[in-house]
Amino acid sequence: MQNNLSNIPQEYKPISPWGYFGYQILFMIPVIGFIFLLVFALGGTSNVNLKNFARSYFCILVLVLVIAVVVAVLSGIYASAATRPY
């Protein structure tokens with residue numbers, strides 16, 4: 001049985017590995033990439049695979065941001081406690 005991608009509807013067409021790489025590079029551009037990320041994640045594309053990739057990238061971005069804030073707060077608390085005289 002031959003795998004024929006021409007019978008797949010446009011909204012379910014798979015993204016190639018280079019396509020994922022390109023979208024990841026696009027999403028890493030500071031302002032423009034974030035705008036494209038939000039557009040694709042919130043339904044600016046009919047391709048389900050691209051929409052799900054953008055949503056997962058956004059979730060990871062939020063998770064990394066939360067972890068960075070927690071580390072910054074904890075290190076600030078630790079630094080202020082370390083400089084306090086006993």
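This short presentation covers how three helices of a predicted model meet, together with one loop residue and one residue after the last of these helices.

Good morning, colleagues. I shall begin with helix 2 and helix 3. Helix 2 spans residues 30-41 and helix 3 spans residues 48-83. Two packed helices are described by the angle between their axes and the distance between the axes. For helix 2 and helix 3, the axes come within 8 Å, and the crossing angle is roughly 125°. That angle makes helix 2 oblique to helix 3. As to handedness, this crossing is left-handed. On the side of helix 2, the contact is formed by Phe34, Leu37, Leu38, Phe40 and Ala41, and helix 3 contributes Leu50, Lys51, Ala54, Arg55, Tyr57, Phe58 and Leu61. Sorted by class, 10 of these residues are nonpolar, two are charged and no polar residue takes part.

I turn next to helix 1, residues 17-27, whose axis comes within 11 Å of that of helix 3. The two axes cross at roughly 45°, and helix 1 and helix 3 are therefore oblique to each other. Here the crossing is right-handed. Helix 1 brings Tyr20, Tyr23, Gln24 and Phe27 to this contact, where they meet Asn49, Leu50, Phe53, Ala54 and Tyr57 of helix 3. By class, the contact has seven nonpolar residues and two polar ones, with no charged residue. I would draw your attention to Leu50, Ala54 and Tyr57 of helix 3, which appear in the contact with helix 1 and also in the contact with helix 2.

Let us now consider the loop between helix 2 and helix 3, where Thr45 is located. Is Thr45 buried or exposed? Its relative accessible area is 16%, under the 20% limit, so Thr45 counts as buried. Leaving aside residues up to four places away in sequence, Thr45 touches Phe40, Leu50 and Lys51. These three also belong to the contact between the two helices, Phe40 from helix 2 and Leu50 and Lys51 from helix 3. In addition, the side chain of Thr45 reaches the backbone nitrogen of Asn47 at 3.3 Å.

Finally, I come to Pro85, in the segment after helix 3. With a relative accessible area of 72%, over the 50% limit, Pro85 is classed as exposed. How far apart are the C-alpha atoms of Pro85 and Val62? They are separated by 37 Å, and the two residues lie 23 residues apart along the chain.

Thank you for your attention.

Notes: Residues are numbered from 1 along each chain as its sequence is written. This is a predicted model: local features need pLDDT of at least 70, side-chain atom pairs count only at pLDDT 80 or more; totals for chains, interfaces and linings use all residues. Side-chain values use heavy atoms; hydrogens and water are left out. Helices (H or I, at least four residues) and strands (E, at least two) are DSSP runs, numbered from the N terminus. Buried means under 20% relative accessible area, exposed over 50%, partly exposed in between (1.4 Å probe, protein chains only). A polar contact is a pair of N or O atoms within 3.5 Å; within protein, one must be able to donate a hydrogen and the other to accept it, and residues adjacent in sequence count only if both atoms are side-chain atoms. Contact means heavy atoms within 4.5 Å. Axes are lines fitted to C-alpha atoms, for helices over the stretch in contact, and angles run from 0 to 180 degrees between N-to-C directions. Angles under 35 degrees count as roughly parallel, over 145 as roughly antiparallel, 65 to 115 as roughly perpendicular and the rest as oblique. A crossing is left-handed if the near helix is turned anticlockwise from the far one by less than a right angle, and right-handed if clockwise. Ala, Val, Leu, Ile, Met, Phe, Trp, Tyr, Cys and Pro count as nonpolar, Asp, Glu, Lys and Arg as charged, and the others, Gly among them, as polar.
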